[in-house]
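Visitor: Please take a close look at one part of this structure, the enclosed spaces inside the protein. What lines them?

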Amino acid sequence: MSPVPTHASPETALLPEARAVFADLVTRSLDHRWALHHCSSQAFALNLFAPLGHQPLCAVLARVGLPVSSVERIDFEYSDPADRFGEIRPRSAHQTQIDVVVRGTSAAGDRLVALIEVKFTETDFGHCSAYQNPANPRHDVCRSPGLFGGEPAACFQLANHGDGRRTYYDHLAKIPVVPPSGAGDAGGCLVRESLSQPMRSLALAHLLLNAGEADRVAYVLCAPAQHPTIWRRFTELRAAFPDADGRTIRPLTAEDVAGLHADGGTAFTARYPIGAFGGAALPDPVSALADNRSAKEPVDILDPLLSTRFEEALVYTARVHGRHARKGGTVPYVSHLLAVASLVMEDGGGEDEAIAALLHDAIEDQGVTAHEIAGRFGETVAAIVVECSGPMGEESGTWRVRKQVAIDQVAGATPGALRVEAADKVHNARAILADYRRVGEGLWSRFNAPDGRDDILWYYREMAGAFRKVTSGFLVDELERVVEELAEVTLVAAIA
């Protein structure tokens, strides 16, 4: 296994202006576990903002709609010292933290605050830990629409995971919230997935306003301009939480901030070659990405074979299937999905097909909607997953009748669905063969097939034949090979 790519020391990870700030964070135990990782967002934030003096910080605030005549101070890893959200609990001292907080005063004497969330390589804002917690007794609330599932009194997040009460909703109850619709509607609580972290930051913004500690607050996302996935999440955030009295949500590109460094961003660029700095016309990440979910994303600076969309699909797949095991054992079901995606790519499939392979059981087994998949990963991926999902009414008829429906559908399948389905059957057949060698004849009891071995062999032979009629290549060859090996191994065992 390759070692984790980290810098040898803070001196090599950080610009000179950021080292004292990092040392202070270490003293206060606020340094991240992977702060010296090459892709650390904490180091990225320190290197971006620590070099800024008074006038550059004034310029930062002006760019997010907060014109000031003076800057009071800049805080890194800020959390409310009074814990007014009630987040600290016996089992965890974790609080909502803001990467960078900049405070200033306008010419009229108004106190203006920017709460800046810095993202480098992350593909979303973070999911709700209560939604993932198996101790949550009210997952039905998580699956209900609206903010906190429309039932804040029953929300496990607001109940502080059973250790008290968090007061986020006290500060968000009166602000406008616009639930997503159409392809952007992922179903369930508005903030159970990637909007959980911004929800808490927005609650902090309104806490500061309600407590009279600020007259205007901007919640800001700062990220590389060429990071389409996080800007897509930002577009969803702005759509869900329109600007309210005294509080706005604004974008800020890392390129803009680095361009304010004394050297124009030269030293920063040498560490993070994320784009052109200083004077170059930068894209508007919000308008360029709004409502363009299915468009092909720009190739990033390292020209990868797979974009950040695939990374996002990996995380999403783990969340959707994270609690489920393969039939008859404790092996995480995600292992099957990763194997199918691997086979698809080995067979020459593109990114859309690989993502569809990861999600091919999400509709049929987990109740995810095609709208949600299209909203996150595009119409092409959603169409393949729909094709790979079982038809309505599949449970009617005998086992062989139901399987015959699946066999017959192969003839009319699109190329993308054919590849994903063939990869699925190859991995399933391999798993059956491996399991048979481990457990023997007891394996057949795991299946609903009434005739056990005979039914399973019939089905996979028929599927291989159906694929052979409409396509060819590695996956079809491999399926035929594994099925015949399974037939030989099980026949020998039966005779013996």
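Guide: What follows deals with the cavities and their linings. This is a predicted model, in which local features need pLDDT of at least 70 and side-chain atom pairs count only at pLDDT 80 or more, while totals for chains, interfaces and linings use all residues. Residues are numbered from 1 along each chain as its sequence is written, and side-chain values use heavy atoms, with hydrogens and water left out.

A cavity is a set of points, on a 1 Å grid over the protein atoms alone, where a 1.4 Å probe fits but cannot get out; its lining residues have an atom within 4 Å of a point. Grid points are joined across faces, edges and corners, and a volume is the space filled by probe spheres set on the points.

The whole structure holds 2 cavities of 30 Å³ or more. The largest cavity has about 70 Å³ of space. Its lining consists of C128, Y131, V141, C142, F148, C155, Q157, C189, V191 and R192. Sorted by class, these are 8 nonpolar, 1 polar and 1 charged residues. Here Ala, Val, Leu, Ile, Met, Phe, Trp, Tyr, Cys and Pro count as nonpolar, Asp, Glu, Lys and Arg as charged, and the others, Gly among them, as polar.

The second largest cavity has about 50 Å³ of space. Around it are T123, D124, E193, S194, R233, E312, V315, Y316, R319 and R376. This lining has 6 charged, 2 polar and 2 nonpolar residues. Helix 13 (residues 308-321) supplies the largest share of it, 4 residues; helices are DSSP runs (H or I, at least four residues), numbered from the N terminus.

Terms used:
1 Å grid on protein atoms, 1.4 Å probe; cavity = no way out; pocket = protein on both sides within 12 Å on 5 of 7 lines; lining within 4 Å. Helix = DSSP H or I, 4+ residues; strand = E, 2+ residues; numbered from the N terminus.
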